[in-house]
Amino acid sequence: QVQLVESVGGSVQAAGSLRLSCAASGDTYSTKYMGWFRQAPGKEREGVAAIYSGTFEKLILYADYADSVKGRFPIPRDKNTVYLQMNSLEPEDTDMYYCAADPSPRTVLEYRDYHSWGQGTQVTVSS
């Protein structure tokens with residue numbers, strides 16, 4: 001069992017930046033993959049960014065991004081804490097953001113493949 005605690009989101013104007021964090025505790029084996037997902041009311045949850053952390057002789061980090069955020073939302077990771085650095089925010093980025101973790105999701109940005117979730121945090125971008 002892994003527990004995920006997200007930082008508080010916030011409100012920001014378009015073109016601004018915001019940083020979310022998610023700290024994992026408990027069964028850290030389940031945190032090989034950690035990711036961020038977002039969901040608007042009445043819409044399906046979508047993958048934003050995810051990062052794999054593993055070791056094979058040395059630390060390996062590999063990240064994947066949704067096309068809509070590529071180049072804007074890097075996903076740095078420090079052991080069992082993952083961040084979402086949201087830059088050049090747009091009103092379309094307004095959503096509830098969720099942190100998730102899983103040892104081996106079949107598809108890295110597919111929310112159905114993740115079994116541990118944070119409580120969610122609201123991000124609002126005004127024009």
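# A tour from one salt bridge outward

Select D95 and R38 to begin: the two form a salt bridge, with their closest N and O atoms 3.7 Å apart. This pair links distant parts of the chain, since D95 sits in strand β9 and R38 in strand β4, 57 residues apart. The model is a predicted one. D95 has a relative accessibility of 8%, so it counts as buried. R38, at 5%, counts as buried too, because the limit for that label is under 20%.

Keep R38 selected and add E46. Their side chains meet in another salt bridge, at 2.7 Å from N to O. E46 is partly exposed, with a relative accessible area of 35%. Now add R72 and D93: together with R38, E46 and D95 they are linked in a network of salt bridges. Side chains of opposite charge can pair when their charged atoms come close.

The whole structure has seven salt bridges. For one of them, select E44 and R112, whose closest N and O atoms are 2.9 Å apart. E44 is in the loop between β4 and β5, and R112 is in the loop between β9 and β10 (116–117), 68 residues apart. E44 counts as exposed at 51% relative accessibility, while R112 counts as partly exposed at 49%.

Next, return to D95 and select Q122, which has D95 among its contacts, along with G9, G10, T94 and M96, leaving aside neighbours within four places in sequence. Q122 is placed in strand β11 and is partly exposed at 36% relative accessibility. Its side chain makes a polar contact with the side chain of T124 (3.5 Å). For a longer span, pick the C-alpha atoms of Q122 and E90: they are separated by 14 Å, and the residues are 32 apart along the chain.

Then show the cysteines C22 and C99. They form a disulfide with sulfur atoms 2.1 Å apart, and the structure holds one such link. C22 lies in strand β3 and C99 in strand β9, so the disulfide ties together parts 77 residues apart in sequence. The link is left-handed, with -80° about the S-S bond. Both C22 and C99 are buried.

Finish with the nonpolar cores. Select W36, L84, M86 and Y97, the residues with the most contacts inside the largest core, which has 25 residues. Strands supplying at least two residues each include β1 (2–6), β4 (33–39) and β11 (121–126). β3 gives the most, with four residues. A second, separate core has seven residues, among them Y33, A100, L109 and Y114.

Note on methods. Residues numbered from 1 in each chain as written. Predicted model: local features only at pLDDT ≥ 70, side-chain atom pairs only at ≥ 80, totals over all residues. Heavy atoms only, no water. Core = buried A, V, L, I, M, F, W, Y, C linked by side-chain atoms within 4.5 Å. Buried < 20%, exposed > 50% of the residue type's maximum accessible area, 1.4 Å probe, protein only. Contact = heavy atoms within 4.5 Å. Polar contact = N/O pair within 3.5 Å; in protein donor to acceptor, adjacent residues only side chain to side chain. Disulfide = S-S within 2.5 Å. Salt bridge = Lys/Arg side-chain N within 4 Å of Asp/Glu carboxyl O.
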